[in-house]
Amino acid sequence: MFFSRRSLENPRTPINEETLDMMFNGPETYAGVQVNEQNSLRLSAVWACVRILAESMASLPAHVYEEQKSGNKERVTQHRVSELLALNPNSEMTPYIWKETIQGHLGSWGNGYAYIIRDMAGRPKELIPLLPHTTFAKRDKDTGDIVYESTIDGTTFRFRPKDVIHIPGLGYDGLTGYSPI
């Protein structure tokens, strides 16, 4: 037995090498090939679908809305996040590339995440995409609050929801989207 922990799908099934392989590399198909988010992009049909969605979404404007006291939402143009989304989300990406990356993650993994770096005054300064296969929304066991955990270069960080942009795809738990792959 590889681990003493139990399988998430069936608590009576121990987690062994085969179970771990399926969890990390995807289920085996009838042809004997494992399919996951990364190797599925080698298929031209999958690549084309993800690319077309990502490029289409990247070409659309992204607006910021603020909720008013009346409950209505009003578009805000003089806001730091509006500037980040329209002009310069971070020092390495154009707005188009940033939106394309987030949508590509959403189209492959079912979730798009970005960490909000803030200046000393707490204003958003940069939007950095987080890898969706190492970032997870979770509920804190003690408080019940949502927290985000992301592993970056072998170190796991915990982020508050106000410091993460999370765009989930279709999902049933209200926290994360399912991978369409």
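The following dialogue goes through a predicted model and asks what each label in its description rests on.

Trainee: What makes up the protein in terms of helices and strands?

Mentor: There are four helices and eight strands. Along the sequence they follow the pattern α-α-β-β-α-α-β-β-β-β-β-β. Of the 181 residues, 31% count as buried.

Trainee: Why is T134 called buried?

Mentor: Buried means under 20% relative accessible area. T134 has 18% relative accessibility, so T134 counts as buried. T134 lies in the loop between β4 (124-130) and β5. Leaving aside residues up to four places away in sequence, T134 touches E149, S150 and T151.

Trainee: Why is Q38 called partly exposed?

Mentor: The partly exposed class lies between the buried limit of 20% and the exposed limit of 50%. Q38 has 47% relative accessibility and therefore counts as partly exposed. Q38 is placed in the loop between α1 (17-25) and α2.

Trainee: Which residues does Q38 touch, not counting residues up to four places away in sequence?

Mentor: Q38 touches W109 and H133. A contact needs heavy atoms within 4.5 Å. For Q38 and W109 the C-alpha to C-alpha distance is 9.0 Å, while the two are 71 residues apart in sequence. As for the protein, among contacts with a separation of 6 or more, 43% join residues 24 or more positions apart.

Trainee: How do you know that β3 and β4 pair?

Mentor: Two strands pair if there are at least two bridges between them. Strand β3 (residues 111-118) and β4 have six bridges, in the antiparallel sense. One of the bridge partners can be named: I117 is matched with E126 in β4.

Trainee: What is the strand order of the open sheet that holds β3, and why do β4 and β8 count as edges?

Mentor: The order is β4-β3-β8, three strands with antiparallel pairing. β4 and β8 each have a single partner strand, so one side of each is left without a neighbour in the sheet. From one strand to the next the twist averages 20°.

Trainee: Which helix packs on that sheet, and at what angle to β3?

Mentor: The helix is α4, which touches β3, β4 and β8; its direction makes about 140° with that of β3.

Trainee: What makes β5, β6 and β7 an open sheet?

Mentor: Start with the pairs. β5 and β6 run antiparallel and are joined by five bridges; strand β6 (residues 146-152) and β7 also pair in the antiparallel sense, over five bridges. Both pairs pass the requirement of at least two bridges. The result is an open sheet of three strands in the order β5-β6-β7. β5 (135-139) and β7 (155-159) stand at the edges with a single partner strand each, so each has one side without a neighbour in the sheet. The twist averages 25° from one strand to the next.

Trainee: Which bridge partners can be named in this sheet?

Mentor: Y148 in β6 is the bridge partner of A137, and Y148 also has F159 in β7 as a bridge partner. E149 is matched with R158 in β7.

Trainee: Which residues take a positive phi in the hairpins of this sheet?

Mentor: In the hairpin of β5 and β6, with six residues between the strands, G144 has a positive phi near 80°. In the hairpin of β6 and β7, with two residues between the strands, the residue is D153, with a positive phi near 50°.

Trainee: Which residues line the second largest pocket, and how much space lies in it?

Mentor: About 270 Å³ of space lies in the second largest pocket. Its lining consists of M57, A58, A62, V81, L85, W98, K99, I102, Q103, L106, I165 and I167.

Trainee: How do these residues divide by type, and which element supplies the largest share?

Mentor: The lining has ten nonpolar residues, one polar and one charged. Lys counts as charged, and K99 is part of the lining. α2 (44-58), α3 (80-86), α4 (95-109) and β8 (164-168) each supply at least two residues. The largest share, five residues, comes from α4. That helix is also the one described above as packing on the sheet and touching β3, β4 and β8.

Terms used. Residues are numbered from 1 along each chain as its sequence is written. This is a predicted model: local features need pLDDT of at least 70, side-chain atom pairs count only at pLDDT 80 or more; totals for chains, interfaces and linings use all residues. Side-chain values use heavy atoms; hydrogens and water are left out. On a 1 Å grid over the protein atoms alone, a cavity is a set of points where a 1.4 Å probe fits but cannot get out, and a pocket is an open set with protein on both sides within 12 Å along at least five of seven lines; lining residues have an atom within 4 Å of a point. Grid points are joined across faces, edges and corners, and a volume is the space filled by probe spheres set on the points. Axes are lines fitted to C-alpha atoms, for helices over the stretch in contact, and angles run from 0 to 180 degrees between N-to-C directions. Buried means under 20% relative accessible area, exposed over 50%, partly exposed in between (1.4 Å probe, protein chains only).
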